[in-house]
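Please open the model in your viewer and keep the selection panel at hand, since this tour goes from one selection to the next.

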Amino acid sequence: MGNLLNVSPSPHAHGKETTQKLMFGVVLALLPSLFTSVFYFGWGAIIVTSVSVASCLLFEYLIQKFLFKKPMTITDGSALVTGLLLAFNVPSNLPVFIVVIGAFISIAVAKMTFGGLGNNPFNPALVGRVFMLISFPVQMTSWPVPKGFATGYADAVTGATPLAVVKEGLKNGESLQQLLTQIPTPSQMFLGNMGGSIGEVAAVALLIGFIWLLYKKIITWHIPVSVIGSLLIFTAILWLANPEKNASPLFHLLAGGVLLGAIFMATDYVTSPMSPLAMIIYGCGIGILTVIIRVWGAYPEGVSFAILIMNAFVPLMNTYIKPKRFGEEVKNG
Amino acid sequence: MKTFPIGGVHPPENKLTSGSEIQYLPVPAAVAIPVVQHIGAPAVVVVNKDEKVKTGQVIAQSKGFVSSNIHSSVSGKVTKIDTIIDSTGYKQTAVFITTEGDEWDETIDRSNEIITEIKLSPEEIVKRCLESGIVGLGGATFPSHVKLTVPAGKRCDVLIINGVECEPFLTSDHRLMLERGEEILIGVSILMKALKVNKAMIGIENNKPDAVAHMTNLATAFQGITVHALKVKYPQGAEKQLIKALIKREVPSGKLPLDVNTVVHNVGTAFAVYEAVQKNKPLFERVVTITGKSLSKPGNYFVRTGTPVKELIAAAGGMPEDTGKIVSGGPMMGKSLASTEVPLTKGISGIILFPAADSVRKESMPCIRCSKCIQACPMNLEPYLLMTLSEKGLFERAEKERITDCMECGSCSYTCPANRPLLDYIRMGKATVIKIARERVSKQ
């Protein structure tokens with residue numbers, strides 16, 4: 001026997017899972033939402049998504065090649081996911097240059113400055129989105145009316161999101177009853193027929209993605225369920241206390257970015273906690289902060305801010321909230 | 001169906017040899033029998049160079065309570081007492097014997113008759129196990145007489161028999177249950193008598209429905225023995241996980257099964273106990289699975305201890321061209337061998353030959369904090385954190401995070417999508433933490 005044998009510590013077997021497969025699993029889960037967004041917003045959705053994905057990949061490539069000078073990991077799929085999620089969080093008529101700036105902030109500032117994949121404390125796509133929202137408030141809050149390919153891109157007819165209609169109306173003293181007639185019905189909202197960011201509108205498509213992620217065991221239920229659950233409970237309390245002033249839990253769930261945030265943004269591996277209990281606390285924090293911002297804050301929507309705020313607590317939670325060890329506290333029956 | 005609740009993984013089973021009847025490997029021309037084939041103190045060699053020995057004769061005497069006798073597995077002449085590299089990769093003392101015929105010690109009953117009646121008293125059973133060099137054959141090789149000696153103040157109310165065989169590829173316990181079921185059950189009754197318990201539970205994963213059915217059927221003739229099918233999940237054969245799965249008791253951190261009033265023995269051990277107590281046959285032979293996807297004749301063999309691995313490979317059709325790694329034990333917890341001269345010992349239940357393509361690890365990527373290692377850990381530890389702490393030398397924190405609870409099952413490394421060498425670092429950290437803790441105790 002001339003060949004030398006490989007010698008290594010156990011285990012000598014490895015599962016089939018890879019980082020790349022997980023990332024592409026998320027991309028597949030985002031596809032239903034991508035299809036519905038093209039269905040509702042036409043060319044705008046295609047242009048913004050393509051530009052966002054391409055520029056995220058490009059920035060990651062350039063930084064790895066010229067600054068990090070390390071083996072290329074662009075194929076791991078994480079920049080692709082960031083690009084898609086960034087696009088999903090902006091209106092479909094956003095000018096290309098703003099999308100490119102957002103992609104730069106997401107990849108260069110929020111991700112690569114910390115050392116790249118696995119090291120960033122804040123969700124890169126959300127950092128990019130919030131940067132754009134603060135820097136370009138007009139462009140970031142002009143929402144094309146969904147008319148498919150008739151929506152157009154630069155010439156899109158815009159309107160307010162249901163959340164903005166209700167928030168503004170209530171501030172101006174209009175009655176909730178009357179305001180609800182100006183916005184789409186819950187079933188229309190469920191299907192996504194309303195103004196909003198590219199990927200957030202169609203609840204049905206997001207839920208299909210959620211089922212896929214759970215089925216493929218890419219994420220666990222803890223974060224999405226606790227975000228949605230806490231949001232529903234909190235808004236239900238407000239609604240029951242004063243149904244004249246506060247919209248129903250169903251409205252809060254379907255209007256805006258709760259589902260996109262709960263299923264795809266809050267569950268970002270790198271920026272969410274590691275143990276089940278911490279995940280639930282983190283999720284509830286996001287749900288509650290979202291409602292606080294929506295009801296009492298300056299912005300009609302608060303999911304992005306809520307997730308970023310909770311991102312900041314993740315290292316603390318990972319340090320102090322531990323899974324219950326086997327054999328730690330024993331009750332023997 | 002029962003299983004343990006926390007963590008676990010489902011590696012491909014690859015039980016290629018579950019249909020292969022156990023054969024006797026021809027007695028090798030020469031053997032090298034290590035004096036350490038168990039956990040505990042090395043046995044002391046009691047034979048000299050050029051001395052003639054018989055099969056089953058004691059060649060090394062146990063030293064201390066946690067130790068075990070070593071017997072000659074062949075008859076012949078002691079050629080030398082020298083060191084050899086064993087399956088752990090370390091050098092240790094071994095007795096080298098050249099075979100001449102196969103003359104067994106006269107006191108061993110070599111008939112095929114199955115003896116049901118248990119004549120020995122509990123104390124005599126424990127003594128016989130000690131004399132016969134019986135150790136745990138599931139892989140841990142803990143001396144069985146120690147586990148049969150219940151210390152004052154402790155009590156055992158149920159005996160658990162491990163027929164799980166959760167490691168992929170291995171089928172030695174499976175075949176033994178199918179072919180020596182009755183002997184195993186008598187062995188279990190002997191263990192029950194020694195422990196003075198009237199209840200024993202045999203746990204078998206339900207990927208072996210034939211073994212479950214066969215053992216359930218046979219067990220009806222035995223008082224107090226029940227057979228339980230378990231849902232397949234690795235590492236169900238780990239002692240603490242099996243106890244949790246079968247009787248829902250959780251062994252506290254740092255404690256033993258006896259602290260929850262139970263004792264676990266492997267089916268292979270039960271068979272060895274039967275042979276020792278009923279047939280007066282010491283432990284010098286065991287079932288070993290020789291397997292691998294490229295092997296022409298994988299199978300299960302009764303192998304004498306001290307037989308070089310190469311003999312077993314030759315019996316299985318010879319070493320395939322593409323062999324890249326040889327593992328003793330299962331793919332999850334086994335040890336890779338550097339040579340085929342390594343002697344087979346009491347604790348080796350299988351030899352697996354991996355093709356070169358399956359022998360090297362893929363490149364490690366950054367941790368993406370997906371928490372799959374936490375979900376896979378059957379002890380609910382945080383492998384990603386333990387790895388980082390070990391890597392950075394933060395052993396005090398690693399101890400607080402219970403690194404010593406890790407049983408090195410490998411579920412974390414197996415499951416990691418970024419291919420990180422989690423267990424490599426944790427193993428190093430755990431060893432360091434244990435060393436630090438010992439030093440702390442000795443200073444006090």
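What follows is a short walk through a predicted model, going from the domains to a pair of helices.

Begin by colouring chain A by domain, selecting residues 19-139 as domain 1 and residues 161-318 as domain 2, as the domain assignment gives them. If you place a marker at the centre of each domain, taken over C-alpha atoms, the two markers in chain A stand 21 Å apart.

Next, turn to the place where the domains meet, where 31 residues of domain 1 of chain A are in contact with 27 residues of domain 2 of chain A. On the domain 1 side, select α1 (19-41), α2 (43-68), α3 (78-88) and α5 (124-135) of chain A, the elements that each give two or more residues to this contact. Of these, α1(A) gives the most, with 12 residues. Colouring this side of domain 1 of chain A by class shows 20 nonpolar, 10 polar and 1 charged residues.

Now keep α5(A) in view and add helix α4 of chain A, residues 96-111; the axes of the two helices come within 8 Å and cross at roughly 135 degrees. An angle over 145 degrees would count as roughly antiparallel, and α4(A) and α5(A) are therefore oblique to each other. Their crossing is right-handed.

To look at the contact itself, show side chains on α4(A), including Ile98(A), Ile101(A), Ile105(A) and Val109(A), and on α5(A), including Val127(A), Phe131(A) and Met132(A). The residues of this contact between α4(A) and α5(A) divide into 12 nonpolar, 3 polar and 2 charged; among those taking part are Lys111(A) of α4(A) and Arg129(A) of α5(A).

Note on methods: Residues are numbered from 1 along each chain as its sequence is written. Chains are lettered from A and ligands numbered from 1 in the order in which they are written. This is a predicted model: local features need pLDDT of at least 70, side-chain atom pairs count only at pLDDT 80 or more; totals for chains, interfaces and linings use all residues. Domain bounds come from an automatic or database domain assignment. Two residues are in contact if their C-beta atoms, placed from the backbone, lie within 7 Å. Helices (H or I, at least four residues) and strands (E, at least two) are DSSP runs, numbered from the N terminus. Ala, Val, Leu, Ile, Met, Phe, Trp, Tyr, Cys and Pro count as nonpolar, Asp, Glu, Lys and Arg as charged, and the others, Gly among them, as polar. Axes are lines fitted to C-alpha atoms, for helices over the stretch in contact, and angles run from 0 to 180 degrees between N-to-C directions. Angles under 35 degrees count as roughly parallel, over 145 as roughly antiparallel, 65 to 115 as roughly perpendicular and the rest as oblique. A crossing is left-handed if the near helix is turned anticlockwise from the far one by less than a right angle, and right-handed if clockwise.
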